[in-house]
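Q: Please take one part of this model and look at it closely, explaining each term as it arises. Then relate that part to the rest of the structure.

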Amino acid sequence: MTEILYPAYRAVEVAAGVPGARPLRLLSMLLPVWRVEVATTVREAQPYEVFDRFLARGIDQAGLDTPASLALFFGVEASLVERAVGFLTTIGHVARTDDTVSLTALGRQSVRDGCRYVIKEDRTILYFDRLSGGPLPQSHYTGINYQPHQEQRGFRGLTSMGPPFQAKALDALVGRRDRAAFNLPDGLTDARLESFDMRWIPVHVVETRSDPRYFVFSGATAGRDRHLERVCNASPVFLDALGAEPAPDHEQIWRNWLDSRGLHSVRPEYAASGVLRAVLPPESFGPGAVFRAHRPGTFEPYQQSFLQLWCADERIRTRAAAERALMMLRSGAVRTAQDLDERLHHLGVQLEVRTPSPNQVWNWAAERDDQVALSALEQIF
Amino acid sequence: MTGPETIRLARPVVFVPGRNLAEQMMKARAEHAHLPTPQAAVHELGSLSSASGVPVTFDGQWQNVYAHRCVLGVRRSRQGDVYYVERIGPITLRHHRELAAGAVLVSAPGWWWRDTLGTVPAGCVTLEPRPRTRPRTTTTPAPGPGPGPAETALRTFCAALDETIEAARQIEAATAGAAFLPYLAVSSTAATRTTTAGVYAFHLARPGQVGPGAWVELRAAPDLRGRVVRLDGAVLTVRFANAVDRRRIADQGELVLSANTVIPNVQSRAVRALRDGTSRNPALARILVDGAFAPLSPPDRRARPAEDLDTDQLEAFHRALSAPEILLVQGPPGTGKTRTIVELTRALVARGERVLVASHTHRAVDNVIERLPESVRVLRVGDESKLSAQVRQYTIGALASRVQQQILDLTVARAQHLAPWSSPIPAVEAALARLTPPDPGRLALAEQAEQHARHAVDVRLAEVRRCEERVLQATARKRGLLGFVFGLVADHRGAAVNRARATAGSATAEHRAALDAVAALRTELDRCHEIAVRLRARVASVTRPPEVERTAASVAAFDAWIRRAVPMFRARAELIGDWRAQLAQPSDQLHPELVRYAEVVGSTCIGVGVGRNLLADLDFDVAIVDEAGQIPLATTLVPLVRARRAVLVGDHRQLPPLVDDDVRAWLRHTAKGESGALVELLSTSGFERLITTAPDSHRILLGRQRRMPKEIGDFVSDQFYGGRLSTATPRRRPPALFDHPLVLLNTADARPTLRAERRWEGNETFQVPGYDNPLEADLIVDLVQHYERCGREWAVIVPYRAQIQRIRTRLESLLGDRSLVDANLGSVDAFQGGERDVVVYGFTRSNPRGDIGFLSELRRLNVAISRSKEQLVLVGDVDTLGNARHPEFRALFRALVDHAGRHGQVLRSGELRALIAEALRSGV
């Protein structure tokens, strides 16, 4: 089954990395949006062809106002002029009264600009979130896996039984000077509502003790989704629903979880950063152990809660930094040296080890004969 | 979208506090400070109700009623007339799931809070309990609605068509093998060029198995693709599909015979249009898949064809003009299909409709195009080398060149006349500066003033005369008794005369001044009139100027006109200059518009969908498809999906697209086994499929043939058209060798070894064995020589390649004219649609087993025997054919022998030589 959003632990990692954020719990949710089909008018500039350009000029500039006078002036067969005038009439460039022809405003504008403007109807889909009624920015038109239903395993849906989509929301968008930022370019005019239905955006929501209270992660952006974050933290529906959720008993949840893995002696404890940690012995990580070598410092989400796996041994954490750095390179996600530097810095902070240098990463890749990572490094540098 | 169920209650809904509400509310509001009081929440329900309805979910005896930011947990009273509010709380995620799973939206005329039951008015209502609203546990999206039955049928139909396209492609490919043609040099050619498409000669390293018409491409640059137009020894001339950069053609390299992917691609696009619902004729899918035809409106019989049509043709003409979707016209041989199509096309064009004339072959399209009047704007698309000479003038290249040249010719004089006006002309500018015509109102006022002044002078002079008269009267009476008194009076009156004279004098001066003013204005008018006349003469070469008279109004009007006209002449001069400069560029620039503005487009069906023909964006009002009985459905679709309605003209009693035998041979060859559906789709035309399902109103038979002599026509009518084909040909005397138009030359009189067929393994397509028959070939050659001597148009039709080859070799050496033989000798397929004075048909098969092979397709025989205008000579072994194992053929042949015996001539083969010798002797 295709995942509808990236794993929740990545959201927790980002939230935990925000200074002073102190993540409290995690919910994966579906936020309601309106999917609105809009008809708009597009004025497309096409290159003029030969007859249409000269006939239009003849009408506009040379006082030729009948098909017969046009045919005579240009030396073109009357039937061909009739067809061409018919075409210009069809595309709205020429108005015809009995035998007299004149240019419309569109026709005059076309002659003036030297291109054939053609009015076309365009259909496009716009998204408006249901919580605020506002349009979603262009960033939310890619990367988001909009769901047609409110039920998805592991996700909790918000619904809204309010009134149907209001056309005035579209009018308000049309009137905005920055409407292009909301996927309605200025070239699309005369927007008319055609139809609408509901969709849901899958998001991870991390509750924190900071402001804003809820961090929102969607597929629209690499990190936090600041737009949806603003919408959610200002939405009574959202705040009421999450505010009414009973707080999980984090310690009990994780005690049970650790017990189920045979780690009876380990007790979850709060780190200075405020996150709950399970400090595990070095032999818990590595080949054949309970957890793989890269897991120290990573988060385990479970039942609205999350736990950071930890090891007091810095060598184990450094090894984890090496494994994760190489994994990042192998995934192809790192493209530039600056990006690599930032990620390595983040790893150092998260694992509380000295920030690995790129040279160190080269050495790690060479030691493990990791040709893919080496090749990625060669491409970056 | 499908929304939640909506319930409209006719009476108000009332809420009263439940037993534990107060305590529960205190707890809840302590945890969730935003919670409203129950009274406020119920008040909110009123506005929700009128906006979108109040959401309600069910949980056994409990119902959850949702306000904006809280949910009320309520129970119905025992009487069902009031809700007890037992709890209030925030809307949690669980509630959101319940809402999504199955809420109802309730509206009611009132939503009221009452503190006690006693204050509840009578007649209030609540909702009946429902099964618990359970969040769905499914985690996969519910599948969307599947395609309806009609859509499923369409998809199945289109999938079958796709399969036939692929099968037909394979059949086509099986008849041609891929081959490389190495070449040693490339040279330019002096080929006729009407477009920018390149033509080059390739000097092959060895003669290749390729002939004119084949498509080849450069192995090193497969996008450079063209058609072989000539093979002269080892020099292959190729006309490329587009303009070619010569530098991309290596001086040495290889050509590759192209697999023809154009046809399947074009067909597939048409099928896709049908499947996707983008066909211009929206009824097409319904008609083809369901066989459901919309009723035909009564034809408008007022429309008249330009040329006379017979009753059936006229009926087809009228019905076709008013057919809203499709009409099927069956045209047996010689019944005037082309004539009917031409008249229909003319009438449609006269109504302003754009017509597509399409067919299987270029020849059939050309037959129509050639007969259209010149006033119709015709465009003919297709490979120029395959078009008749007469219609090449309508190809886009020729059309554009002609239009361009015509325009340049027609505008040369206008351009010359306007040229001086392209910049200011000093003399004209000066004249315009001096052209200051008097205001017509001012001149009128001056003239009026002059009249008034003149009148004042007249009045004053009259006064002077009256005063002088009175002085004279007084003076005359001075001599009387009261002379003294009259003397005083006379003196007094004399003073009055002086005063009157003074007044008259000043009036006269004023009049003179008025006269001067008028004269001055007139002088100005004259001057301006003269200028206007000169200007008028000057502009007469570029326009028809208004007349100018010597009046202020006329000169002023001219002044106004000329001041508008001169800048316009400048604009026109510039415009005509630009126009002619534009037209001096290559005529390719006109192609898209000339295509768009064509009234009739003629093309093969496949050509309609070929990109280089520029028809991609063109819609048609009507598609007229000729030879439709021979065209596979997938090909027929190509024009049909491009036109709003269609008229199919054809005859499913003549050759179908692929004869069953061909398809079965291919199926055997490809080890696909028998596939009834595939055979049916491959060997049945779209026309046959439609005409067998269409109601009578949508199909018409042209029932009067004018080609064959009655003796032949009647047989064809009886055997293939249920006796509904009549003959309207005047009886003509047959060519002198035989006494009748229908002759059967029976070879059964010859010894079996002499008359027997000979088998040639793998000689036909798909390695099917072929046959020749030396005796029949000799007889046919003798007959042809005779008809050639008589100057008759002749055709020889035989079913097998080996027999064709045998006869060709003989005839070429005897007649010495290869092209004559090529044009008049072939299999049936080559002659459908054609006609000749005399047709000689050789059955070829002669064996004791009654095997007849290809002859079992009876429609071949129909086509073969219905080509002749004067005489049909059938050559065959009556013993074999009359005892054929194929029952339908056997019956048909026996009927033919019987018919020839009664209405024609049945001769022994041995008699032919004597007849020819006698004809020679008698000088025939």
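**A pair of helices in chain B**

A: Helix α10 (residues 396-418) of chain B and helix α14 (residues 552-583) of chain B have axes that come within 10 Å and cross at roughly 150°. Because of this angle, α10(B) is roughly antiparallel to α14(B) (angles under 35 degrees count as roughly parallel, over 145 as roughly antiparallel, 65 to 115 as roughly perpendicular, and the rest as oblique). An axis is a line fitted to C-alpha atoms, for helices over the stretch in contact, and angles run from 0 to 180 degrees between N-to-C directions. Helices (H or I, at least four residues) and strands (E, at least two) are DSSP runs, numbered from the N terminus.

The model is a predicted one, in which local features need pLDDT of at least 70 and side-chain atom pairs count only at pLDDT 80 or more, while totals for chains, interfaces and linings use all residues. Residues are numbered from 1 along each chain as its sequence is written, and chains are lettered from A and ligands numbered from 1 in the order in which they are written.

The crossing of α10(B) past α14(B) is left-handed; a crossing has this name if the near helix is turned anticlockwise from the far one by less than a right angle, and is right-handed if clockwise. Among the residues of α10(B) that meet α14(B) are B:Gln404, B:Ile407, B:Leu408 and B:Arg414. Those met in α14(B) include B:Phe569, B:Ile576, B:Trp579 and B:Leu583. Two residues are in contact if their C-beta atoms, placed from the backbone, lie within 7 Å. Sorted by class, the contact between α10(B) and α14(B) holds nine nonpolar, three polar and three charged residues (Ala, Val, Leu, Ile, Met, Phe, Trp, Tyr, Cys and Pro count as nonpolar, Asp, Glu, Lys and Arg as charged, and the others, Gly among them, as polar).

Both helices also take part in the contact with chain A. To this contact chain B brings 41 residues and chain A brings 40 residues. On the side of chain B that touches chain A, the elements giving two or more residues are α3 (93-102), α10, α14 and α15 (591-596) of chain B. The greatest share on that side comes from α14(B), with six residues. This side of chain B divides into 22 nonpolar, 11 polar and eight charged residues.

A second helix pair, this time in chain A, may be set beside the one above. Helix α2 (residues 50-61) of chain A packs with helix α3 (residues 67-74) of chain A at an angle of about 115°, their axes being 11 Å apart. Here α2(A) passes α3(A) in a right-handed crossing. A:Phe54, A:Leu55 and A:Gly58 in α2(A) meet A:Leu70, A:Phe73 and A:Phe74 in α3(A). That contact contains five nonpolar residues, one polar and no charged.

Chain B also contains sheets. An open sheet of eight strands with mixed pairing has the order β1-β7-β3-β4-β5-β6-β2-β8 (chain B). Its edge strands, β1 (5-8) and β8 (111-113) of chain B, each pair on one side only; two strands pair if DSSP finds at least two bridges between them. Neighbouring strands of this sheet are turned by 35° against each other on average, direction ignored. Helix α1 (residues 21-31) of chain B packs on the sheet, where it touches β2 (13-17) and β6 (83-89) of chain B. A closed barrel of six strands, with antiparallel pairing, runs β9-β10-β13-β12-β11-β14 (chain B). In the barrel, neighbouring strands are turned by 45° against each other on average, direction ignored.

Confidence must be considered last. The pLDDT is the predictor's confidence in each residue, from 0 to 100. Chain B averages a pLDDT of 87, and 92% of its residues score at least 70; chain A averages 91, with 99% at that level. Among the elements of chain B, helix α18 (residues 660-669) has the lowest mean pLDDT, 60, and strand β19 (residues 620-625) the highest, 97. Over residues 136-147 of chain B, pLDDT stays under 50. Where pLDDT is low, the predicted coordinates should not be read in detail. The model as a whole scores ipTM 0.80 and pTM 0.67.
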